[in-house]
Amino acid sequence: MPWATAIVVLPLATALVVLAVPAGRAHLIRWVALAGTGAHLFVAGLATWAYWQAATPDAAVARTATTTKLYLVERHSWFPSLGIAYLVGVDGVSMAMVLLTSLVIFCGVLASWQVQDRAKEFFALLLLLVTGVFGVFVSFDLFLFFVFYEIAVLPMYLLIGIWGTGRKEMAAMKLTLMLMVGSALILVGFLALWWAAGGKTFDLTQLAQFRYDPALQHWVFPVVFIGFGVLGALYPFHTWSPDGHASAPTAVSMLHAGVLMKLGGYGALRIGVYLLPEGARDWGLFFMALTTVNILYGAFGAIRQTDLKYFTAYSSVSHCGFVLFGVASCNLLGAKGAVLQMVSHGVMTALFFALIGMVYGRTHTRTIPELGGLGRVMPWLATCFYIGGMASLGLPGLSGFVAEAHVFLGGFFGNAWTPPVYTRTLTIVATLSVVVTAVYVLRGLGAAFQGPVRDPHYLHLNDATLTERLSTGLLVAALVVAGVLPGLLIDLVEPPLFAVVNRLNALPGGL
Amino acid sequence: MPTLALPELLVLATALLVLVADLFVDDTGRKRLLPIALVGVVGALVALVALVPDSGELLGGRFAMDPLGWWFKLALLVAAAGVLCLAQPAWQGQGTVDATLPNRGEFLAILLFNLAGMLLVPSARDAVTFYLALETATMPLFLLVAWRRDAVGAEAALKYFVVGALASALLLYGLGWLYGLTGTLDLALMAARLPTTPAAYLAMGLVLGGLGFKLTLAPLHTWAPQVYTGAPLPVAAWLGTASKAAAVAALAVVLYRVAGPHAAAWTPAVALLAALTMTVGNLGAVVQTNVLRLLAFSAVSQAGYLLVGLCGATRDGAAAVTYYLVVYVVTNLGAFAAAAVVHHHTGSQELSAFRGLSRRHPLLALAMMLALFGLAGIPPLGGFTGKFLLFSVAAQAELHWLVAVAAVNSTVSLYYYLRIVRQMYIEPADAAAPQTPTAFLPGVALAVATVGGVVLGVVPWFYETVRVAAARWP
């Protein structure tokens, strides 16, 4: 069974079916989209099982490997003269990201149940976007990776521009252009890597066998890391993110903050650090410092926000900083923490944006001071908000704690070539953000959901409907499961990370 | 092998037929001349694909066919067919008055003569044929640009003529120097004897200057925006596609066939020119509100991308340039065809004419969007694959800075292409806007261009075939 292809093709096929439905039948369109994404969740689950079956025997080998082993591989030559192939497969990290995406899009479709205006185009574009995301996670050919990467970014322009709110045209253009500059940098890096390795292949597994000249790594690594960092909201290239998220419609914010931003961290880890260990060694400390700024800047930015979406967007900048911080710390705990944080933040932020959409749909305002006391009116939504908030500030028992603990421990232990005083200082400074997070989460949620009901109209509002309960309930369940049983996720993502870290540890030099 | 020149002969025969038939028909009959011309061009296209081998010589080696020349001719004939298709409503006087093409039979004949000259360019093997082919590929354009016979058209044509005459003089002067330096008109011998003296640099500079005008290389591009808006829209499309293709063919002849052995000497200059051209073109396009001016600047920047592939004079580079040229012609035709349809409907060339197009004409808007994304280089369209290949040539030449400049430029270009997309998809539809159906032939051109843009990007056969051809070239 070609699992990896199925993972990519299923949403695309769903998009085509959606396009074939007459435009007037919005209800049918929604159901088609839901059925397609539901089926995808099922397929992704089966693929995980298939991956698990194949990968378990290799668990011991993986600990000492220096190259990632791919499973469920399909390889077809595409442009043979340049060595471009349709090469798809999965390893633990990409499997986890596929599962995350599959969950988020399913909940995203549920959260978009109210979309009436041009519903056909909306769902088709949403599914096209998610096709690109799945494609990035399963492709192991740099050309194919790049193709999917751009497909994942571009539909955002229309999704925000048409269905967004506020200054949507500006936000859509800013987001698209900034992300495209990022992908331009990535392209420069890819072509340099391709040519330096002989110009015969874009196959990531083969490029990983090639030992790049340190001088080349020294300039390609920052180019690639910043290129991916733009999408991963790396300070100071994050400015598209608050505007974009605030203007986007609910499902798009969910997907974008939940999944698309993870492409940045994923690429930085998978292509940046994995292919260019010496570059990572040279630049690790620099990017740790930059991401520390990221973490604090996002957290302090969130304190000042009164719009729930901006609030969550700045919080995302802070949390995505953890991802890149983990990647830049160049050790196993940090890498694991980065991946865990990708999953945790993906679920958490999707939950937030879904809830904000639901609250906004009822109150028609997202301004925190205008809300207030909503907890009495809509207890389900408020409870979900609180659980998400607790995960966000790193409460043990929820996914955020596990991820952040890994990231901070990774940063604290540092690596062999950086003086510990630097990594430890940065880690301690970054850890302070947890306090700031607690401040803004508790203040924000308290203001919105507790106290007296601000507006008498709110008393007539309903709590979550069945579809809303289903989508938020699923996401909350994921947060809890990942928090209580983190071993499941760690076992899944760990094997490929050994390869990344073993390459780093094999570097000559050090202190 | 007489079939070798069959496409050229068919085009010439059609041109003469149209010219003579024009004497004997009235205005209604004249409307039927365009389909006849189209049949001739499509016939030439079929002949090229079915009958013409991709190598051989005629007339004692003065007219030669080579594997890449075959692809250049394919691009030219496709461009001709596309332009004739999109000119149909204008030719038949449909749509708004502004968009009408004054209905005189010579138009088609001049266009076809022009095409014949362009087809000769990649087949030229000596300097005189080369120069004559280029002149035939340029002179008729002066007439076509002035076709509306109004003040704007006349000004555009005059500007084009003055700059064009200067460029022609530069080219001729440069070829003269080359002849003086090498003592031969034969391009292959010229290459063998070309010295690396300052005089040779001067000669090459003059030739590049002459061709740079045709290809709108900065700083010789300044005529383009005004000429595109002053000329009738089909002529602008013709300038933006076929004329570019002929210029690229000529540049390939000069850089590969004549100066190929000295690639290391001219590559830095060409790389700089490429970076300059794409940057100037893109920055110019950013502020435009007229679609044709925007497409003119966009075409300038595309010329810059094409130059990237010539860096280093490698076979991979030749393949990438040829492939991108085909993609560019097809994609740009799509954009021009959509602009032409909108122009016929609304009579306006402003960006605002595209307002709400996705509601009124979903398919037309989709075709335009895909064409623009193709020009911007968004996967999985041919424009992306082509640019990727061009950039990979620069990476092979270790010109990583050029890759960066080109890739960032693509982002800039996305900005102004998205401005049109925004008008079509995001802005609400104008209730008063007419709901005119798209005419048949422009519809066909749009459909072919859209499907072609996707197929070229995804199906590897085209590039791999071009690459095999490039391996046997020059």
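**Exercise 1. Work out how much of chain A is buried, and how its fold hangs together**.

Let's start with burial: 63% of the 511 residues of chain A count as buried. Here a residue is buried if 20 or more other C-beta atoms lie within 10 Å of its own, exposed if 12 or fewer, and partly exposed in between, with C-beta atoms placed from the backbone. Before going on, note that this is a predicted model: local features need pLDDT of at least 70, side-chain atom pairs count only at pLDDT 80 or more, and totals for chains, interfaces and linings use all residues. Residues are numbered from 1 along each chain as its sequence is written, while chains are lettered from A and ligands numbered from 1 in the order in which they are written.

Next, the inventory: chain A has 21 helices and 2 strands. These are DSSP runs numbered from the N terminus, helices being H or I with at least four residues and strands E with at least two. The radius of gyration of chain A is 22 Å, close to the 24 Å from the globule rule for 511 residues, so chain A is as compact as a globular protein of that length. That radius is taken over C-alpha atoms, and the rule is 2.2 Å times the number of residues to the power 0.38. Along the principal axes, the C-alpha atoms of chain A fill a box of roughly 70 × 55 × 45 Å.

Last step, contacts, meaning C-beta atoms, placed from the backbone, that lie within 7 Å. Of the contacts in chain A between residues at least 6 apart in sequence, 80% join residues at least 24 apart.

**Exercise 2. Describe how strand 1 and strand 2 of chain A are joined**.

Strand 1 (residues 71-79) and strand 2 (residues 84-90) of chain A run antiparallel, with 6 bridges joining them. Pairing takes at least two bridges found by DSSP between the strands. Pick A:His76 as an example: its bridge partner in strand 2 of chain A is A:Tyr86. The two strands form a hairpin with 4 residues between them, and A:Gly83 in the turn has a positive phi of about 80°.

**Exercise 3. Classify the packing of helix 18 against helix 19 in chain A**.

Take the geometry: helix 18 (residues 399-413) and helix 19 (residues 420-449) of chain A pack at about 155°, with their axes 7 Å apart. Axes are lines fitted to C-alpha atoms, for helices over the stretch in contact, and angles run from 0 to 180 degrees between N-to-C directions. Now the cut-offs: under 35 degrees is roughly parallel, over 145 roughly antiparallel, 65 to 115 roughly perpendicular and the rest oblique. Helix 18 and helix 19 of chain A are therefore roughly antiparallel to each other.

Then find the residues. A:Phe408, A:Gly411 and A:Phe412 of helix 18 meet a set in helix 19 of chain A that includes A:Thr423, A:Leu426 and A:Ala430. The residues of this contact divide into 4 nonpolar, 4 polar and 1 charged. In this scheme Ala, Val, Leu, Ile, Met, Phe, Trp, Tyr, Cys and Pro count as nonpolar, Asp, Glu, Lys and Arg as charged, and the others, Gly among them, as polar.

**Exercise 4. Map the side of chain B that touches chain A**.

Count up: 24 residues of chain B are in contact with 27 residues of chain A. Helix 17 (382-396), helix 18 (400-426) and helix 20 (461-471) of chain B each give two or more residues to this side. Helix 18 of chain B has the largest share, 13 residues. By class, this side of chain B has 16 nonpolar, 5 polar and 3 charged residues.

Zoom in on B:His400, which is found in helix 18 of chain B. It touches A:Val188, A:Ala192 and B:Ala395, leaving out residues up to four places away in sequence. B:His400 has 20 C-beta neighbours inside 10 Å, so it counts as buried.

**Exercise 5. Track down unusual backbone geometry in the loop between helix 10 and helix 11 of chain A**.

The background: most residues other than glycine have a negative phi, and most peptide bonds are trans. A:Ala233, found in this loop, has a positive phi of about 60° although it is not a glycine. With 30 C-beta neighbours inside 10 Å, A:Ala233 counts as buried. A:Pro236 lies in the loop too, between helix 10 (214-231) and helix 11 (240-247) of chain A. A cis peptide bond joins A:Tyr235 and A:Pro236, with omega about 0°.

How values were computed: Contact = placed C-beta atoms within 7 Å.
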